[in-house]
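I am opening a notebook on this structure and will write down what I look up, in the order in which I look it up.

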Amino acid sequence: MMEYPIYRIAKVIDNLDEEETGRIKVRVLPEMNGVPNDDLLPWITPDSQSKNGTSDGVGIHNVPDIDSHITVRVNDKYWTDINYLYESPRLSSYYPYSSFSEEFDIDELETTPEYPQPKFEKTADGVIAFHDTSQGILGIQHPTGAYVAIDEKGQIFVKFIDKVKMKNDDETISLELNTTDNKVDIKADGGEVVITAEDFTFNGTNYVIAGGGDSAVLFTPLEEILSALLSHAHTAPSGPTTPAEKSDKSPLSALQSKLTEMKSASTTLD
Amino acid sequence: MEFNDYVLDIVIGDSLVEIGTSEFSFSMSDSIFQMFPSFNLQINDVAGVLLETLAFTPGEKVNATFGRVGEEIQNRYISRHFETSEVFTPGTLNGLLNINNTHEFVYFQNRESYAYEGTPSDVVRELTSDYNFSDTRIDNSENQHIWYRPFYTQAEMIEKVLLENVYSNDSNDTPFFSFIDNDNVFHFESFFSLIERSSETELLLIPGDYAINERNRVIDFKPLSEDYNSLQKTLIYQYFERGVDSFELTESEKNIKEVYPGDYLVSQEELILTGTEYFSRSNIKEYEDNVLGQKLFNLRSGLLTNKILVTIPLNTNLVAGKTVDLVASKAFLENENSLSYSGKFLVERSQHSWSGESQNGFSQLLLSRKNKTVPDSYLIKSRLYNP
């Protein structure tokens, strides 16, 4: 007579629990090999849904994928009470550590985890969530090569493929780095972007200044300077001669017109 | 062959055992607590001829027909064990042969993986449909759902799973029994069904000599009881719906303790604290029925506490599951019957024997019923089922 509970491997047949309570439909192997159709297979509950030692709303949600193989515990000889156990998804017949060391690729980390570290979970889609508990290195690596990692010094490294975006709820404030058109977009609707530094260096071929109105802070002082220059009457003895005043006024007027035009619309400065 | 008023036919393999009626003895036995009836045969093989000619191989088919003429019962068996228990003449093949046989249904057992949807009764019908019983008596039951068969044989599936869970609204809250009787009838019936059936005959315990053709005369009368240990079952493990903050036993938990006669109590620490949502299935009808069935199954040992072993002249009509009216007279008071031992009894076990030595047939019956006269001082009276 077999002593219950017993542990078995089971294949996940369905995981779309209508009650959303983490139940999955399984075929327990080998005892349910002969069950003639999937409709007769049992929906079983996760083992860790016991409230023992926890409180409401605390726990793990980790529903196994369809066609994955998991460990189940059959609690009674009537086979009416079966739970599945939380664990890393089983990858048939092979242990995933070697694939981890081959695929783990975060250049910025000064210290690479060594066996048996890190603890990680690699899922069927190739996502690796790792945590080197001996050094405090953790992160997530995506099969595309993207990753987020924190090293033992607390440095955070992010690698993205096409886009990274941070935003608030209504997206009035956002920061977007987009590799499709090599664009960094900082937005603060109705607010301001403040960059504080001693020195600013802008290295570019073209500069675009967008927006109109008096709030375009760059134009206001320029316009004031030009106005002052154009209205200069040479009353002071140290002023230039009259012929000279006439010859200078024409290009300055042209520059003022250009600035006025730029204030009303986005313009490219050549 | 016919001998006096008896029919005695034994076929081993394809060979009819043709020896003198004094050279063999046998018994056909069944029990309401046992799925497979048995047939034990003892042969004085004086010349060693039978040992030479009959194939006493485990698995050999053995057919037995036994009874008074016109009342004989017939059953099919499979040879389970054979040995020469005594050698008459050293250096020869002769000796006393013992052949133990079990009902043939055991030969049809398969370990299969399967799932059945229906009530336990539906599943039992399906499990027994391939075998040619002379009759089947299967009570209808509740708890309809999916029953898994994880490489259990048909008998294991019935005994370990279905019998322990079956519940019927028509059973008057009594447990089920499943067995094959000496007449090759398959039973899956509640105690209520068995005991409510009209009595097959009246058996008389009266002083004085008896004649072998007095078929309702009790020759031997031996009251007995089960060992108390058999009434004390194991711990009851039961899931209860309890919040994490509740450490008091609920009324339903206390009730569980009360309905299991003789069982050890479940201590508070052994209860499992669970979230209600994950064991809410205990509120589902079919699982409620399962729990009821399991409670009733545990009553079986304590159900039949009044037992008498009686021997009567051969009456093969009285097989396990039949009922009889016992009339036990008080020897010291003529025409007054014993209140303690008279009344309707269930045949719990029957053993129909042919004695080669006396050239007669006898039936030994274990008659049982619920104890009607439990004294107040009886320790588990309060927990006896419906005393």
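**Confidence first**

I began with the weak places of this predicted model, and in chain A the pLDDT stays under 50 over residues 49-55, a stretch for which the model has 13 contacts beyond four places in sequence. I then found a further stretch of chain A, residues 266-270, where the pLDDT is below 50 and where the model has 7 contacts beyond near neighbours in sequence. For chain A as a whole I noted a mean pLDDT of 78, with 72% of its residues at 70 or more. Looking element by element in chain A, I saw that confidence is lowest in strand β15 (residues 267-269), at a mean of 47, and highest in strand β9 (residues 147-150), at 96.

Turning to chain B, I read a mean pLDDT of 81, with 78% of its residues reaching 70 or more. Here the pLDDT is below 50 over residues 233-245 of chain B, a stretch with 30 contacts in the model beyond near neighbours in sequence, and also below 50 over residues 256-283 of chain B, for which I noted 63 such contacts. For the model as a whole I copied down an ipTM of 0.74 and a pTM of 0.73.

**Chain B in outline**

I counted the elements of chain B next, and the assignment gives 8 helices and 19 strands. Of the 387 residues in chain B, buried ones make up 36%. I also checked how far apart in sequence the contacting residues are: among contacts in chain B with a separation of 6 or more, 68% are between residues 24 or more positions apart.

**Strand β18 of chain B and its partners**

Which strands pair with β18(B), and in what sense? I found that strand β4 (residues 24-31) of chain B pairs with β18(B) (residues 343-355) in the antiparallel sense over 6 bridges, and that M28(B) has H352(B) as its bridge partner there. β17(B) is likewise paired with β18(B) in the antiparallel sense, over 4 bridges, with K344(B) in β18(B) as the bridge partner of D325(B). On following the chain onward I came to strand β19 (residues 360-369) of chain B, which pairs with β18(B) in the antiparallel sense over 9 bridges, and in which F362(B) is the bridge partner of S353(B). β18(B) and β19(B) form a hairpin with 4 residues between them, and I noted a positive phi of about 60° for Q359(B) in the turn.

**A three-stranded sheet**

I then traced an open sheet of 3 strands in chain B, in the order β10-β13-β12 and with mixed pairing. Its edge strands are β10 (135-138) and β12 (176-180) of chain B, each of which pairs on one side only, and the twist averages 10° from one strand to the next. Between β12(B) and strand β13 (residues 185-190) of chain B, which run antiparallel, I counted 5 bridges, and I180(B) stands opposite F186(B) in β13(B). Helix α2 (residues 120-128) of chain B packs on this sheet and touches β10 and β13 of chain B, its direction making about 165° with that of β10(B).

**One glycine**

Is G321(B) buried or exposed? It has 24 C-beta neighbours inside 10 Å and therefore counts as buried, although I located G321(B) in a loop, the one between β16 (306-313) and β17 (323-328) of chain B. Leaving aside neighbours within four places in sequence, I listed I32(B), D181(B), H187(B), L194(B) and V347(B) as its contacts.

**Nonpolar cores**

V347(B) came up again when I looked at the largest nonpolar core, which has 68 residues and in which V26(A), V72(A), L162(B), V347(B) and L367(B) touch the most other members. Helix α3 (residues 154-165) of chain B gives the most to this core, with 5 residues. A second, separate core of 20 residues includes F24(B), M28(B), L50(B) and I99(B).

I checked the geometry of α3(B) as well: at 1.5 Å a residue its 12 residues should span 16 Å, and because the end C-alpha atoms are 16 Å apart, the two values agree. Among the buried residues of α3(B) I noted M157(B), I158(B), V161(B) and L162(B).

Technical notes. Residues numbered from 1 in each chain as written. Chains lettered and ligands numbered in written order. Predicted model: local features only at pLDDT ≥ 70, side-chain atom pairs only at ≥ 80, totals over all residues. Helix = DSSP H or I, 4+ residues; strand = E, 2+ residues; numbered from the N terminus. Buried ≥ 20, exposed ≤ 12 C-beta atoms within 10 Å, placed from the backbone. Contact = placed C-beta atoms within 7 Å. Pairing = 2+ DSSP bridges. Axes fitted to C-alpha atoms, helices over the stretch in contact; angles between N-to-C directions. pLDDT = per-residue confidence, 0-100. Core = buried A, V, L, I, M, F, W, Y, C linked by C-beta atoms within 7 Å. Expected span 1.5 Å × (residues − 1).
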